[in-house]
Amino acid sequence: MSFYLKDGPPFIEDEAMAFFASSGVSVVPFDIANRLAPVELFESIEGESGYLALPRKERFNTPIPYNPAFHHKYSVQDKAISSLVLEYIESNLSSRKYLFSARPDICLAIYFQEFTYEIIREISPGHLTTPLILFDDRRADCILFECDLEINTVSRSSAPADAKFAGRSGGFWIHYFNDNFLKSIAYNEHHIGLINEFYGPLFPGLHIPLRSETK
């Protein structure tokens, strides 16, 4: 069964293609992308304003706030979020990595050995509303990136022995998300509603207050 609905070249700006060419990043052809799309790792939901890519509820999921293109600007106890995520990727994903669109109406699929945040920064100008999934050839652990909604998910096939991400519990990350989500995003009520409706059930305790709740 095909995941992507439309064939054709993905929208990638010339600057990004030049970066890919110099950084060992390859575009995956449409037919191969359809064959490799890791649909068992996430659920694609179509809403009024586009698609959401949700981690599977049966997986062990950890929420990380902020637009991933700016993870280097935000820290947890003096360590940039980008550094924490990169350390996780280095320790848990193989050298055969993929970054795919997680919405079926846009086929964007690339392959590389080393993930850098620059890859996302090069893609995001043309794909702000395209959820992205980073995975490897083992298809066990993955990361879902949402530039527009500013909610990202480290999704693992099972809970690690200490049930932590970057040395911190899932409860810590839910509180961190709740406390910091509104510090960066130009949000609206609809935006927050999507977070609470679709992501709240996946992360018990995750909730962003609407203006009506704070009056």
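## Exercises: helix 1, a sheet and a pocket

In helix 1 (residues 14-23), the buried residues are Ala-16, Phe-19 and Phe-20. Here, buried means under 20% relative accessible area, exposed over 50%, and partly exposed in between, with a 1.4 Å probe and protein chains only. Helices (H or I, at least four residues) and strands (E, at least two) are DSSP runs, numbered from the N terminus.

Before you start: this is a predicted model, where local features need pLDDT of at least 70, side-chain atom pairs count only at pLDDT 80 or more, and totals for chains, interfaces and linings use all residues. Residues are numbered from 1 along each chain as its sequence is written, and side-chain values use heavy atoms, leaving out hydrogens and water.

**Exercise 1.** Work out where the buried residues of helix 1 lie and what they pack against.

*Step 1.* Look down the axis of helix 1: its buried residues fall within an arc of 100°, so they line one face of the helix. The arc is that of the directions from the helix axis to the C-beta atoms.

*Step 2.* Turn to the face away from the buried side, and you will find the exposed residues Asp-14, Glu-15, Ala-21 and Ser-22.

*Step 3.* Now look for contacts (heavy atoms within 4.5 Å). The buried residues of helix 1 pack against strand 8 (109-112) and helix 4 (117-123).

**Exercise 2.** Trace the open sheet of 7 strands and find its edges.

*Step 1.* Two strands pair if DSSP finds at least two bridges between them. The strand order is 1-8-7-9-10-11-4, with antiparallel pairing.

*Step 2.* Strand 1 (26-27) and strand 4 (60-65) each pair on one side only, which makes them the edge strands.

*Step 3.* Follow strand 10 inside the sheet: strand 9 pairs with strand 10 over 4 bridges, and 3 bridges join strand 10 to strand 11. One bridge sets Leu-134 opposite Ile-143 in strand 10, while Cys-142 has Ser-155 in strand 11 as its partner.

*Step 4.* Check both faces of strand 10: Cys-142 and Leu-144 are buried on one side, Ile-143 and Phe-145 on the other.

**Exercise 3.** Which elements give two or more residues to the lining of the largest pocket?

*Step 1.* The elements are strand 2 (42-47), strand 3 (50-55) and helix 6 (189-199).

*Step 2.* Helix 6 gives the most, with 4 residues.
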